[in-house]
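Trainee: I should like to learn how salt bridges are read from a model. Please begin with a single case.

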Amino acid sequence: MNRSENTGGEIPAEAASLRARVAGLEQAEAERERAEAARRMSEEEWRNLFENAQIGLYRSKVDGSCIVAANAKLAEILGCSIEELVGQPAMVRYANPSDREEVMQQLRKNGALTDYEVEVVAKSGEIRTCLISMKSYPERGYLEGSAIDITKRRRAEAALRRAHEELEARVAERTADLRSANERLRREIAERKEAEEALRQGQKEKEAILNSLVEHVLYHDMQMRILWANEAACESAGLPLEELAGRHCYEIWGQRADPCEDCPVAGARQTGRPHAVEKSTPDGRSWFVRGHPVRDGNGEITGLVELTLETTERKRAEEASRVFTRSMEQSRDGIIITDADSRITFANRAAEVFLRLAANEIIGRRSDEVFTIDRRTQDQIDASLKNEGSWSGLVEVAQHDADPLAIELTRLLISDERETPIASVSVIRDARYARRLESLQHVAEVAAGTDATDDEVVHKIMAHLPELVDTDRWSIFLHSPQNETLELRFFSEGERELAQAAPVLSVGNSLTGQVFRRGEVLVSADLLRDHRFSGNPTLHSMLPLVRRLNARAICILPLRAGSKTVGTLTVSDRRVRTFTLEEINVLKTLAGQIGLLLGRDRREQARRPRASQPRRANMVTVVAQSESMKRVINVAEHVAATDLPVLILGPTGVGKGHLAKYIHTIGPRADGPFLAVNCACLDGQLILSELFGHERGAFTGAVRQQKGCFELANGGMLLLDEVIELPDSAQAKLLQLVETQQFRRVGGQQTIATDVRIICTTNADIRECVRSGKLRQDLYYRLNTAEILMPPLRDRPEDVEPLAVAHLRTQSLATGEPVCRLTDGALARLREYHWPGNVRELQNVLSQASTHGSGVISARDLRFSPVVSPLADELAKEPAGRSERGLILDALRRHRWNRSLTAKELGIHRNTLRDRMRKYHITD
């Protein structure tokens, strides 16, 4: 029973499912039939549209290689049948191959192309213009395109353009004709108006021309009455034309009743020819007056014209020109004037003497044919003339058939009102005059700035002797009252053998004693052949030594301290020469300075007879209370016994140079020279010359041979401060010298051997300088055999008090005043301060604090922010690498090398400026 019921329930369910499936199939079949009918209808509609379209349509393979379908319109456009198109490439009929490439590129890039204008070739050969559009269907494998024939439209447009252009041409032609006719009419009207205006203004123009003249123009009748006068004449008379008319000129300007005896107007009326005279008025003015007769058409004189020109300024200018020419001719300076082409138009007598040429050999020639300046200096002169209009400096002039001449040249550019150069003026002076004056001034400064007469001071003064009299041999004998002799106290290197042979001379029978006794200068051009001394027994006994030294010319001068003669100065020369009067006067001035120095030294010794003997100049001590400085001293004493180069590092002002001198004084070279060179102050050729010396003519301004520091420091020590500032050329030469102890002077060929110990200092990170290439690596290894690092003062406060005490004691010895005492408060402030300027700042603070003269320095006397000079302030603002030398040069150029104005701007004394110019080799 249950099974029957279950079977009966399952059959209806399966039947229902079957009916549902059958209904779905029937519905799907119906939809398929409807879709098929729609597709057939769509294809029919598309075919009708494709075949009956009014634009050319086609379908091709996706790469355009073969047309598979085309409509009749496309066949019509191309003038062929549909059958001929099918199978051909889609773009085969393009007239321009580049169009094919562009179309394919656009299709590849965008898959479609719209309204692209191309020219196609019909079957008949006719060129037709079409707008084509294409779209690619890669997934269907075909390409559809269209073409619209716009040939007629383009032709119509072209015809329209041509018609428009023809119309515009006709309009332009007609317009030009009208404009030309209008212009002719305007010109005719303008010419007629101009002619009418010319007729009306003729008289006024004549009067304007006469009124524009600076001459006085008067028109007289035959009775010499004024009929007309120009404005210049009216202004001179101080009357208007109405008041001048009808009167005589002699009434107005001569204030007389009768004509002048030499009246040019009367002379022209009488002779019938122009008549001219020059007149002077009581007020000192000069006039040039001219009378002209005026004739009518028949040749009859109908009037008289008087022209008067004031010549006062011209005569004054002519006289000034004559005076100027005479002053230039009489000038002791050589003056040369050249035109714009550098041809000499004037040369005075002094220039002839300088150039050793007559005027007719100079005038008309180019300046570079008469004397030649080296190319580098000439370029500097030309640049300065172009930028500033002037140049001044020392140059060496190469003359034709003569030795080079060192001159002081000043050149000024002359320009017209349009700033166009028309001439130049050159003033030349013998450079020896300027150098002698500068050397004597420096000698006076050295003598005034010292109280002691030691070997260093005397040699510093006598170092200027070559610039004064062109010789470097000298000796100074001082009188010894105990035994009435003259003892040799100071002498040059060239007189060392003479000093060994005759260190003491008799006051009685020697030439030096003769000068000492009489107080008169003794001069001889040739000591060996001077008959005045042939009978002198002392000289006769010294003849072998004199011949060996080849001492010929001699000048012996007395040294006076007030009214008392204290010794003699002897200047000699290996050459036979005559000391000129000017050179003798220069030597007298030099001897006077040395005498004043000796007298001051003796008075000082007499005033302090109990003073202890001063410490030797080469004795140096170093304060070292802190452990760090004790280590520095320990290393310094260790390396002092060797000859190894030493490299001292540390910030500015810690005393690197002082430590170098300490190493020198405790080492085996203590008796040798100690020289120091600041490498940051000089650049290029100057540092090479300073270190290695130069030969005569090695560069501009090298008028004589000069020994360098390596040669002068032979047997001693040379300190190179800020060695990293050396240029590459100097570093290379220094490396060679360190390795071989040999060098050559600048411009020289001879190799010179020297025995010098080198100490280098710098406040920079020297290893960073090596890494950056500023210092050669091989040179660094040679110099860094012994390195000493000095700590800043802020890291060793234990040294502040002993340094301060030592400085105050040294200051007391120098001034002769009692030693200043520091209070506890002052010492506390000194220890607390951070000392950015290190020991140098400490010394400066103490020196300022001790100026009040009380003998005690308290805390409120200490000033840690001193006012700096404008020069120091300017240096502080400058970027790294800008040197003090550059700032001084800029200031000098701004003030046209006026030293007083330059020193005022820089905030330093004029003497300080002169010393720094000498230090940096700055010459004007």
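Mentor: Side chains of opposite charge can pair when their charged atoms come close. Here Asp799 and Arg796 form a salt bridge, with N and O 3.1 Å apart; the term denotes a side-chain nitrogen of Lys or Arg within 4 Å of a carboxyl oxygen of Asp or Glu.

Trainee: Is Asp799 buried or exposed?

Mentor: Asp799 is buried, at 0% relative accessible area, and Arg796 is buried at 2%. Buried means under 20% relative accessible area, exposed over 50%, and partly exposed in between (1.4 Å probe, protein chains only).

Trainee: On what basis are such values obtained?

Mentor: The model is predicted: local features need pLDDT of at least 70, side-chain atom pairs count only at pLDDT 80 or more, and totals for chains, interfaces and linings use all residues. Residues are numbered from 1 along each chain as its sequence is written, and side-chain values use heavy atoms, leaving out hydrogens and water.

Trainee: How many salt bridges does a search of the whole structure find?

Mentor: The search finds 31. One of them joins Asp755 to Arg669, with the closest N and O atoms 2.6 Å apart. Asp755 lies in the loop between β27 (751-753) and β28 (757-762), and Arg669 in the loop between α23 (656-666) and β24 (674-678), so the pair ties together parts 86 residues apart in sequence. Helices (H or I, at least four residues) and strands (E, at least two) are DSSP runs, numbered from the N terminus.

Trainee: Which accessibility class does each partner have?

Mentor: Asp755 is partly exposed at 39%, whereas Arg669 is buried at 10%.
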